[in-house]
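Here are some exercises to work through with the model on your screen. Try each task before you read its solution.

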Amino acid sequence: MENKQELLTLINNRIDKVCDLIKEQNADAMIIFNQANYRYLTNFTGEEAQLILTAQGDLILLSDSRFDSQIKAEAPGELTVVMKHDSDYNELTKALKKLDVKKVLVEGEFVSAIEFQKLQALNPNLNFEMSEELVERVRNVKDNLEIEALKKAIEISMESFKSILPMIKPGAKERDIAAKLDYLFKLNGGDGPDFDTIIASGVRSAWAHGVASDKKIAEGDMVVIDFGSFYHGYAADITRTVAVGKVDPELEKIYNIVHEAQRRGIEAAVSGNTGRDVDRAARDYITEQGYGKYFGHGIGHGIGLEIHELCQPALPFSKQKLENNMVHTVEPGIYLPTKGGVRIEDDILVHDDTPIILSNLPKDELLSL
């Protein structure tokens, strides 16, 4: 973003919200290890850093000399930067001793039990407490900057997908198509794939996570393509299923069932509903059609700075009440082990009682190539 003042305003708003959560825990500060979380609060994109955020909003970023110039270029606003010359935990201890803190939260998902014990041993006068998904609670609801980045990631992903459709024909290797798609993400302005691209054809299309292999596509195959590019750190996640020539009639039947199930799931993705409501709307229809046992995974997850959000134990999509400006997937599927499978996935922006589909690739009819 060129407007640094606008970026700073958004970041300060994020910091204020996280500070409120720190205070709710009766804590004085929090140590943040998750790269997505410290990026969210500072705009610094480098790795191997730690961020201390006090309840008053003071930021201390621990990094090293490799990132000195990068931090100055990326991070707006007031930020104390500590260049590490010792172990992470010794440097954290030095930084904490300069602060008037007694109770410090630690991201429980990103430190091991041994590391937590080391922090305690080095700081016997401090009370450390594991926190769970604290920054993520704020990240769930996207601000305007994030929504624009997600829209651009989705646009890049869709344009790249359209370009590889001519490659999907008998004799083509799944791996070759995936490589071209990953290349196009960057060529079209993205940061590259946000997960291992899934291209699964024939019987492999029944593998929900059938990462592209050396298998050659054959006449009569269903092909599931699950793909997404990062853009400025934000992740798209889209799936389309296409046919190569004439496919088994049951595969065409389940395509239509999945399509209708997804329509019902998206219709339920309204503010105030939970992820479970979205899941039931889609799953109940698939079950009514006799294919319930062939839809084993969840209906969706959040997307943002990480490809999978709203899916951790503390913040599962199923129990999360949807709020305006949350962005999540709706991705029902049916997987027949001996024939193949179908999945259709789109990225949805929660907007009152009218869900907005951000990924608008055609899907109303099974595309036959």
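Two residues are in contact when they have heavy atoms within 4.5 Å of each other. Keep in mind that this is a predicted model.

**Exercise 1. The whole protein**

Task: Work out how the radius of gyration of the protein fits that of a compact globule, and how much of the protein is buried.

Solution:
- Start with the contacts: among those with a separation of 6 or more, 67% join residues 24 or more positions apart.
- Next, the secondary structure, which comes to 10 helices and 18 strands.
- For the extent, the C-alpha trace spans about 70 × 40 × 40 Å along the principal axes.
- Now the radius of gyration: for 369 residues a compact globule would have a value near 21 Å, and the protein has 23 Å, so the two agree.
- Finally, 54% of the 369 residues count as buried.

**Exercise 2. Two packed helices**

Task: Decide how helix α1 and helix α2 are oriented towards each other, and find the residues that make their contact.

Solution:
- Two packed helices are described by the angle between their axes and the distance between those axes.
- Here α1 covers residues 4-24 and α2 covers residues 35-42; their axes are 7 Å apart, at an angle of about 120 degrees.
- Angles of 65 to 115 degrees would count as roughly perpendicular, and those over 145 as roughly antiparallel. That leaves α1 oblique to α2.
- On the α1 side, the contact is made by I11, R14, I15 and V18, while α2 brings in Y40, L41 and T42.
- Sort these by class and you get 5 nonpolar, 1 polar and 1 charged residues.

**Exercise 3. The cores**

Task: Find the residues that touch the most other members of the largest nonpolar core, then look for another core.

Solution:
- A general point to begin with: in soluble globular proteins, nonpolar side chains tend to be buried together.
- The largest nonpolar core has 66 residues, and those touching the most other members are I22, L41, L53, I168 and I225.
- Helix α7 (residues 144-164) gives the most to this core, with 9 residues.
- Pick I22 and leave aside its neighbours within four places in sequence: its contacts are A27, D28, A29, M30, L53, T54, A55, L105 and L134.
- Apart from the largest core there's another one, of 32 residues, including I254, Y255, L310 and I348.

**Exercise 4. Buried or partly exposed?**

Task: Sort D143, T45, E115 and D346 into buried or partly exposed.

Solution:
- The cut-off you need is 20% relative accessible area: under that, a residue is buried.
- D143 sits in the loop between α6 (134-139) and α7. Its relative accessible area is 14%, so D143 is buried. Beyond residues up to four places away in sequence, D143 touches L10 and R14.
- T45 belongs to the loop between α2 and β2 (50-54). With 24% relative accessibility, T45 counts as partly exposed. Not counting residues up to four places away, T45 touches Q35, R39, Q70 and E74.
- E115 is part of helix α5 (residues 113-122). A relative accessible area of 27% makes E115 partly exposed. Beyond its neighbours within four places in sequence, E115 is in contact with Y89 and F110. The C-alpha atoms of E115 and Y89 are separated by 8.2 Å, although the two are 26 residues apart along the chain.
- D346 is in strand β16. At 0% relative accessibility, D346 is buried. Among its contacts, leaving aside neighbours within four places, are D237, R240, H328 and K363. D346 and H328 lie 18 residues apart in sequence, with 8.3 Å between their C-alpha atoms.

**Exercise 5. Positive phi**

Task: For E133 and D352, give the phi angle and the place in the chain, then say whether each is buried or partly exposed.

Solution:
- E133 isn't a glycine, yet its phi is positive, about 55 degrees. E133 lies in the loop between β6 (127-131) and α6. Its relative accessibility is 3%, so E133 counts as buried.
- D352 isn't a glycine either, and has a positive phi of about 50 degrees. Look for D352 in the loop between β16 (346-349) and β17 (356-357). At 39% relative accessibility, D352 counts as partly exposed.

Definitions and conventions
Residues numbered from 1 in each chain as written. Predicted model: local features only at pLDDT ≥ 70, side-chain atom pairs only at ≥ 80, totals over all residues. Heavy atoms only, no water. Axes fitted to C-alpha atoms, helices over the stretch in contact; angles between N-to-C directions. Helix = DSSP H or I, 4+ residues; strand = E, 2+ residues; numbered from the N terminus. Parallel < 35°, antiparallel > 145°, perpendicular 65-115°, else oblique. Nonpolar A, V, L, I, M, F, W, Y, C, P; charged D, E, K, R; others polar. Core = buried A, V, L, I, M, F, W, Y, C linked by side-chain atoms within 4.5 Å. Buried < 20%, exposed > 50% of the residue type's maximum accessible area, 1.4 Å probe, protein only. Rg over C-alpha atoms; globule rule 2.2 N^0.38 Å.
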